[in-house]
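Thank you all for coming. I would like to walk through one chain this morning, beginning with its overall make-up and then turning to its interior and to one of its strands.

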Amino acid sequence: MKLVSLADVKAFLEKTDTEHDQLLTNLIEQVSARIERALNRNLTKAERTEYFDKGESVYLLSAYPVDEAADFTVTLDGQSQTKDEDFYLDPEKGLIEFAYGTGDYKPRALVVTYTGGYAEDVDGVLQVPADLKRACLLQVAFEFRRRKDLGLRTVSMPDGSLSVNEPA
């Protein structure tokens, strides 16, 4: 799973050679995975089945946007539920909200089967929003440029002083 392409990173870094392609590809994959973990959601489009037993009236799916053209089923306590009658789905936010009036009843034993996440293009790059692409691009570029600064402790200016923590 990649959020940006190698070509995008190389263009941003103004690199035309292939010397660092493998390093950049590894950085793209690692940063993309780190962003996915930080967001606490699945970004790759796939069919999923999720189980909930919280007793809430609002549930957040782990992968969105939800593909409304694909099969979407909600089963509550073994009974199939009908969209727009029993619950509301916000496909862009991955939210399911049950409307049971003002009573104390909250759905339990909820099973949701759906397809959610972002599709990949031909290069294997997810078609995520531009802000996620930019965040990944900037972080990959930062890590690439600072790759030789591991263990750097202090930098002093203007005449220049550099202290490096030697590896053990």
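Of the 168 residues in this chain, 33% are buried, and I should say at once that we are looking at a predicted model. The chain exposes about 10700 Å², of which carbon and sulfur atoms supply 48%. As for the contacts in the chain with a separation of 6 or more, 68% of them are between residues 24 or more positions apart.

The secondary structure comes to 3 helices and 9 strands. If you follow the elements from the N terminus on, you read α-α, then seven entries of β written as β-β-β-β-β-β-β, then α, and finally β-β.

Let me turn to the interior. The largest nonpolar core has 19 residues, and those with the most contacts inside it are L3, V9, C136 and V140. The elements that give two or more residues to this core are α1, residues 6-13, α2, residues 21-39, and α3, residues 130-145. Among these, α3 gives the most, with 6 residues.

It is worth pausing on C136, and asking which residues C136 touches once those up to four places away in sequence are not counted. The answer is L3, V4, I28, V31, S32 and I35, and we have just met L3, too, among the residues with the most contacts inside the core. Apart from this core lies another one, of 14 residues, which includes F52, A63, I96 and V112.

For the last part, I would like to look at strand β3, which spans residues 73-76 and has V74 and L76 on a covered face, with T73 and T75 on an uncovered one. In a regular strand, side chains alternate between the two faces of the sheet.

Which strands, then, pair with β3? One is β7, residues 110-116, which pairs with β3 in the antiparallel sense over 4 bridges; here L76, from the covered face of β3, has L110 as its bridge partner in β7. Another is β4, residues 79-80, which is joined to β3 by 2 bridges and also runs antiparallel to it. In that pairing T75, which belongs to the uncovered face, stands opposite S80 in β4.

Finally, β3 and β4 form a hairpin with 2 residues between the strands, and in this hairpin D77 takes a positive phi near 50 degrees. I will stop there and take questions.

Terms used
Residues are numbered from 1 along each chain as its sequence is written. This is a predicted model: local features need pLDDT of at least 70, side-chain atom pairs count only at pLDDT 80 or more; totals for chains, interfaces and linings use all residues. Side-chain values use heavy atoms; hydrogens and water are left out. Buried means under 20% relative accessible area, exposed over 50%, partly exposed in between (1.4 Å probe, protein chains only). Two strands pair if DSSP finds at least two bridges between them. A nonpolar core is a set of buried Ala, Val, Leu, Ile, Met, Phe, Trp, Tyr and Cys residues joined through side-chain atoms within 4.5 Å. Contact means heavy atoms within 4.5 Å. Accessible areas come from the Shrake-Rupley method with a 1.4 Å probe; for residues, only the protein chains shown count as cover.
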